[in-house]
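Me: Could you take me through one part of this model slowly? I'd like to see what it packs against and what it faces.

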Amino acid sequence: MPLLVYENGNVRKAGIIDMLEAAKALLLLIPIGKVTSYKELALALGVNPRLVGKLMKMNDEAPIIPCHRVVRSNGEIGGYSAVGGVDFKRKLLELEGVKFKNKRKINRNSFISLRELTIN
DNA sequence: CATCGAACCAACC
DNA sequence: GGTTGGTTCGATG
């Protein structure tokens, strides 16, 4: 299901910029110490997970808008193209209290589903 | 669990 | 039209 946008009286399919704004809004809901996955965002936005990566890359306000809290659904850290690279991403997450099982993987219980954030 | 190939889809060239 | 990602999935060991 593609994301739709209501704009001066009619409905159209969301463009990449619309999705970027929507993604940013969702990112701001993720609490410190928690992460979500590209997949979850993808489901919420109705796009391919790889496109979510592209969106995160377009976020020029990292790490204020916390795209570093988006990781792979299998627990691996994923990428980070903003300054500092993946090492900085890991550092941020550790600093925020995200628990790592080991160097590669994040604990299951550090994940929060977008449903928990957008409902109630 | 780890690895591998294929599917994904909009951007970019 | 082919390649490329901040990925995922299913199959296989």
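The part I'm curious about is helix α3, and the reply below goes through it side by side with its neighbours.

Reply: Happy to! This is a predicted model: local features need pLDDT of at least 70, side-chain atom pairs count only at pLDDT 80 or more, and totals for chains, interfaces and linings use all residues. Residues are numbered from 1 along each chain as its sequence is written, chains are lettered from A and ligands numbered from 1 in the order in which they are written, and side-chain values use heavy atoms, leaving out hydrogens and water.

Let's start with where α3 sits: residues 49-58 (helices are DSSP runs of H or I with at least four residues, strands are E runs of at least two, both numbered from the N terminus). N48 caps its N-terminal end, with a side-chain oxygen 2.9 Å from the backbone nitrogen of R50. That is a polar contact (a pair of N or O atoms within 3.5 Å; within protein, one must be able to donate a hydrogen and the other to accept it, and residues adjacent in sequence count only if both atoms are side-chain atoms).

Now the inward side. V52, L55 and M56 are buried in α3 (under 20% relative accessible area, with exposed over 50% and partly exposed in between; 1.4 Å probe, protein chains only). They cover an arc of only 100° around the axis, so they sit on the same side of α3 (the arc is that of the directions from the helix axis to the C-beta atoms). An α-helix has 3.6 residues a turn, so residues three or four places apart point the same way.

What lies over that side? The cover includes α1, α2 and β4. V52, L55 and M56 also belong, with L27 and L41, to the residues with the most contacts inside the largest nonpolar core, which has 24 residues (buried Ala, Val, Leu, Ile, Met, Phe, Trp, Tyr and Cys joined through side-chain atoms within 4.5 Å). α1, α2 and α3 each supply at least two residues of this core. Take L41 in α2: among the residues it touches are V52 and M56 (contact means heavy atoms within 4.5 Å).

Flip α3 over and the picture changes: R50, K54 and K57 are exposed on the other side. Here the DNA comes in. DNA strand B is surrounded by I16, N48, R50, L51, K54, K101 and K105 (near means a heavy atom within 4 Å). Sugar and phosphate account for 79% of the atoms of DNA strand B that come within 4 Å of the protein. α3 gives the most to this surface, with three residues. A polar side-chain atom of K54 lies 3.3 Å from a sugar or linking oxygen of strand B, and N48, the capping residue, has one 3.4 Å from such an oxygen.

DNA strand C has 16 residues around it, and R50 is one of the closest, along with Y38, K39, C67 and S81. For this strand, sugar and phosphate make up 46% of the atoms within 4 Å of the protein. Again α3 provides the largest share of the surface, five residues.

To sum up: α3 has V52, L55 and M56 buried, while R50, K54 and K57 on its other side are exposed.
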